[in-house]
Amino acid sequence: MPTRREVIDRIRRAIAPLYEPREAEQIARRFTFERCGITLTQYVVAPEAQADIPDLEESVRQLAAGRPVQYVLAHTEFCGMTFEVGEGVLIPRPETEELVAAAAARAVAGAAALDVGTGSGCIAVSLARLIPDARVTAVDLSPQALAVARRNAVRLGAEVRFVQADALAGLHELPDAAFDLIVSNPPYVPQSDRAAMHVNVRDYEPPEALFVPDDPLRFYRAIGRAARRLLRPDGRLWFEIYEQLADETARLLANEGFGDIAVRRDINDKPRILCCTARK
């Protein structure tokens, strides 16, 4: 049986052609620590302890092929909680945690919130946990994503109503003036950028949750128009946005009648979070 150190070294070597050395080390440690049920401190104290990982061979093969470590582990962390993820569900990013934190910080107790394009349910569940007495609804077009989101909500003790709906079709399944805030991380990466993306994103994560084939603002336009109907007066719309089109996205929402438009920079100093207010 290999030691913990040997497992990390083996994974790092296997994925070295795909990742920078630091990222390869992080992936190898993340997998090993989680599969062994240990912390960094426990590893430092006993790196030569045996690592009993029954699926090690298959896991190394998958990681070496570029499959994201989150899919191999079948979960990831978001806002201090563990969410189930897998093919068909976008892996939550740290930037989206910033979006959720910003939206929750400005929401009042009992707020009615809508998450458009819920995926794993990470936004909806986090809002339900962060906003006292929140009434949260989450929509997605994918039955597979909704099934994962429901399981996450149940396991994490979050009350969320899930609805299958197409954001591009107007969200007419939802009642008018029903929400105090709408939060969305819609697809925004131009299809032309796909070839330049890393294999672990390009070949494994659901393309419909990432890429837009023609107009990169199509989801912002559709959700913005629906939000005019769905938001109560002075309700807030929160978006995660494509950093290269921040100004264009702000102008689009201004043209749709939203006010108080503000763009925030993320932890990487990129314009990533947009907030605006419905004017009735």
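Helices and strands are named here as DSSP runs, with helices of at least four residues and strands of at least two, numbered from the N terminus. On that basis, helix 2 (21–36), helix 5 (69–73), strand 1 (75–78), helix 6 (94–105) and helix 9 (199–202) each contribute at least two residues to the lining of the largest pocket. The model is predicted. It contains an open sheet of seven strands with mixed pairing, and this briefing covers that sheet, the helices that pack on it and the two largest pockets.

**The sheet**

- The seven strands follow the order 5-4-3-6-9-11-10.
- Strand 5 and strand 10 (259–265) stand at the edges with a single partner strand each, so one side of each has no neighbour in the sheet.
- From one strand to the next, the twist averages 15°.

**Strand pairs within the sheet**

- Strand 4 (residues 135–140) pairs with strand 5 (residues 160–164) in the parallel sense, over five bridges. In this pair, Ala138 stands opposite Phe162 of strand 5.
- Between strand 4 and strand 5 the chain passes through helix 8 (residues 143–155), forming a right-handed β-α-β crossover.
- Strand 6 and strand 9 run parallel and are joined by five bridges. Ile182 has Leu237 in strand 9 as its bridge partner.
- Strand 9 (residues 231–240) and strand 11 (residues 271–277) run antiparallel, and five bridges join them. Here Glu240 has Ile273 of strand 11 as its bridge partner.

**Helices on the sheet**

- Helix 11 (residues 246–255) packs on the sheet and touches strand 9, strand 10 and strand 11. The direction of helix 11 makes about 10° with that of strand 11.
- Helix 10 lies across strand 3, strand 6 (179–184) and strand 9. Relative to strand 9, helix 10 runs at about 160°.

**The largest pocket**

- The largest pocket holds about 1200 Å³ of space.
- Its lining comprises 40 residues, and those nearest the centre are Arg93, Pro94, Glu95, Val201 and Glu205.
- By class, the lining of the largest pocket consists of 19 nonpolar, nine polar and twelve charged residues.

**The second largest pocket**

- The volume of the second largest pocket is about 570 Å³.
- This pocket is lined by 36 residues, with Gly117, Asp140, Pro187, Glu208 and Ala209 nearest its centre.
- Two or more lining residues come from each of strand 3 (112–116), helix 7 (122–130), strand 4, strand 8 (211–212) and helix 10 (218–230).
- Helix 10 gives the most to this lining, with three residues; helix 10 is also the helix that lies across strand 3, strand 6 and strand 9.
- The lining of the second largest pocket has 21 nonpolar, nine polar and six charged residues.

Note on methods. Residues are numbered from 1 along each chain as its sequence is written. This is a predicted model: local features need pLDDT of at least 70, side-chain atom pairs count only at pLDDT 80 or more; totals for chains, interfaces and linings use all residues. Side-chain values use heavy atoms; hydrogens and water are left out. Two strands pair if DSSP finds at least two bridges between them. A crossover is right-handed if, with the strands pointing away from the viewer, the path from the first strand over the helix to the second runs clockwise. On a 1 Å grid over the protein atoms alone, a cavity is a set of points where a 1.4 Å probe fits but cannot get out, and a pocket is an open set with protein on both sides within 12 Å along at least five of seven lines; lining residues have an atom within 4 Å of a point. Grid points are joined across faces, edges and corners, and a volume is the space filled by probe spheres set on the points. Ala, Val, Leu, Ile, Met, Phe, Trp, Tyr, Cys and Pro count as nonpolar, Asp, Glu, Lys and Arg as charged, and the others, Gly among them, as polar. Axes are lines fitted to C-alpha atoms, for helices over the stretch in contact, and angles run from 0 to 180 degrees between N-to-C directions. Contact means heavy atoms within 4.5 Å.
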